[in-house]
Amino acid sequence: MHRVIVIGHRGASGERPEHTLESYRLAIEEGADFVEPDLVMTKDGVLIARHEPEIGGTTNVAELPQFASRRRSQLIDGEQMDGWFTEDFTLAEIKSLRARERLPQIRPANVAYDDQFEVPTFEEILQLVAKENRDRRGTVGIYPETKHPEHFRQLALPQEGLVLQMLARHGYAEPGSRVFIQSFDPANLRMMRAMTRLPLVQLLEHELGDLNVIAEYADAIGISKPLATAEGVRAARAAGLAVHVWTFRAENKFLPAELRIGPSMSAHGKLEEEIDRYLARGIDGFFTDHPAIGVHTRDAWAQKNIDM
Ligand code: G3P
Ligand code: CA
């Protein structure tokens with residue numbers, strides 16, 4: 001039976017503010033097979049880990065008077081965003097900020113870590129993974145996502161070459177490397193396909209689309225839970241694509257009603273049961289904010305199915 005991979009989504013973002021070195025380190029400690037940084041660009045062309053270019057929601061930037069005048073609105077990939085944007089900040093300025101919990105209502109325990117951690121660069125994350133692998137004799141891999149690549153290309157801050165160069169510099173250059181590169185943007189993936197044989201993952205949220213076309217440039221699909229039906233998984237497999245599913249979160253708010261425990265939306269429900277439902281459909285991997293739960297559920301499932 002193949003081993004399903006557990007991907008630490010934004011690190012162990014259920015337990016630490018997302019996209020901080022401490023979040024990634026905890027994911028590795030909990031046994032994640034891969035850690036997932038989302039990548040955006042600074043004004044001076046450095047890849048850093050944030051879920052979106054706007055950083056008001058995940059840092060203390062809004063409280064810093066020296067940056068008050070940087071606040072603005074802009075349309076990015078069809079969405080109107082208001083706040084502070086990474087492309088208006090140099091890396092030195094980004095490093096003067098501190099990370100904050102994105103979901104303080106749902107994850108109040110994480111708020112205790114607010115303002116303790118920096119926004120990491122992609123390079124710092126690669127260095128962390130290398131160090132943890134050395135120290136633990138591990139093989140944890142890296143699963144970066146290019147965020148809004150067209151937006152950054154228009155700003156003369158293209159991500160594709162930089163991501164690949166950075167990966168190559170840290171030993172991820174051959175097809176067998178412990179890496180997957182993901183994007184929602186097919187053009188971004190096709191561009192990278194022309195530059196690398198590393199595994200590429202087409203992210204999909206609302207529909208599977210033409211899987212045979214996707215298989216021309218990608219090795220896997222990273223799909224939202226509603227798309228990961230047994231039929232959807234089978235169709236992807238038939239097209240030669242591996243299937244990774246996002247995002248598994250332990251809080252009641254993110255679970256189906258029948259798997260919730262108690263009335264509080266921030267309390268943990270039966271995430272293990274939810275993961276089991278998807279493992280039964282034959283998926284190849286899943287993203288979770290709670291890697292410890294993901295790993296023990298995956299291992300228990302494998303044990304059960306060996307015993308059967
Ligand atoms: O990359 C997989 C999943 O993370 C996609 O959604 O919005 O959390 O980056 P998002
Ligand atoms: Ca992501």
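# Pockets, a cavity and a ligand in a predicted model

Biologist: Which residues lie nearest the centre of the largest pocket, and how many residues line it?
Modeller: In this predicted model, the lining of the largest pocket is made of 23 residues, and those nearest the centre are His51, Glu145, Lys147, Phe184 and Leu203. The space in this pocket comes to about 360 Å³.

Biologist: Which helix and strands each supply at least two residues of that lining?
Modeller: Helix H4 (149-154) does, and so do strand S8 (145-146), strand S9 (181-183) and strand S12 (242-248). By class, the lining of the largest pocket holds 10 charged, 7 polar and 6 nonpolar residues.

Biologist: What makes Glu145 and Lys147 charged, and Phe184 and Leu203 nonpolar?
Modeller: Glu and Lys belong to the charged class, whereas Phe and Leu belong to the nonpolar class, so Glu145 and Lys147 count as charged and Phe184 and Leu203 as nonpolar.

Biologist: Which space does ligand 1 take?
Modeller: Ligand 1 takes the space of the largest pocket. A molecule is said to sit in a pocket if more than half of its atoms lie within 2 Å of the grid points of that pocket, so ligand 1 meets this condition for the largest pocket.

Biologist: Which residues surround ligand 1?
Modeller: The shell consists of His9, Arg10, Glu36, Asp38, His51, Glu145, Lys147, Gln182, Phe184, Leu203, Trp246 and Phe287. Each of these has a heavy atom within 4 Å of ligand 1, and therefore each counts as near the ligand. The shell divides into 5 charged, 4 nonpolar and 3 polar residues.

Biologist: Why are the pairs that His9, Glu36 and Gln182 form with ligand 1 called polar contacts?
Modeller: An N or O atom in the side chain of His9 is 2.7 Å from an oxygen atom of ligand 1. For Glu36, a polar side-chain atom lies 2.9 Å from an oxygen atom of the ligand, and for Gln182 the corresponding distance is 2.6 Å. A polar contact needs a pair of N or O atoms within 3.5 Å, so these three pairs qualify. The protein buries 91% of the 280 Å² that ligand 1 exposes when taken alone.

Biologist: What is the volume of the second largest pocket, and which residues line it?
Modeller: The second largest pocket has a volume of about 250 Å³, and its lining is formed by His51, Glu52, Ile76, Asp77, Glu79, Met81, Arg102 and His148. These residues divide into 4 charged, 2 polar and 2 nonpolar.

Biologist: Why is the space lined by Arg10, Ser13 and others called a cavity?
Modeller: A cavity is a set of points where a 1.4 Å probe fits but cannot get out, whereas a pocket is open, and so this space is called a cavity because the probe cannot leave it. The search of the whole structure finds 1 cavity of 30 Å³ or more, and the largest cavity has a volume of about 40 Å³. Its lining includes Arg10, Ser13, Glu18 and Arg102, and by class the lining has 7 charged, 1 polar and 1 nonpolar residues.

Biologist: What is noted about the backbone at Arg10?
Modeller: Phi of Arg10 is near 60 degrees, which is a positive value in a residue other than glycine. Arg10 lies in the loop between strand S1 (5-9) and helix H1 (21-29).

Note on methods: Residues are numbered from 1 along each chain as its sequence is written. Chains are lettered from A and ligands numbered from 1 in the order in which they are written. This is a predicted model: local features need pLDDT of at least 70, side-chain atom pairs count only at pLDDT 80 or more; totals for chains, interfaces and linings use all residues. Side-chain values use heavy atoms; hydrogens and water are left out. On a 1 Å grid over the protein atoms alone, a cavity is a set of points where a 1.4 Å probe fits but cannot get out, and a pocket is an open set with protein on both sides within 12 Å along at least five of seven lines; lining residues have an atom within 4 Å of a point. Grid points are joined across faces, edges and corners, and a volume is the space filled by probe spheres set on the points. Helices (H or I, at least four residues) and strands (E, at least two) are DSSP runs, numbered from the N terminus. A polar contact is a pair of N or O atoms within 3.5 Å; within protein, one must be able to donate a hydrogen and the other to accept it, and residues adjacent in sequence count only if both atoms are side-chain atoms. Accessible areas come from the Shrake-Rupley method with a 1.4 Å probe; for residues, only the protein chains shown count as cover.
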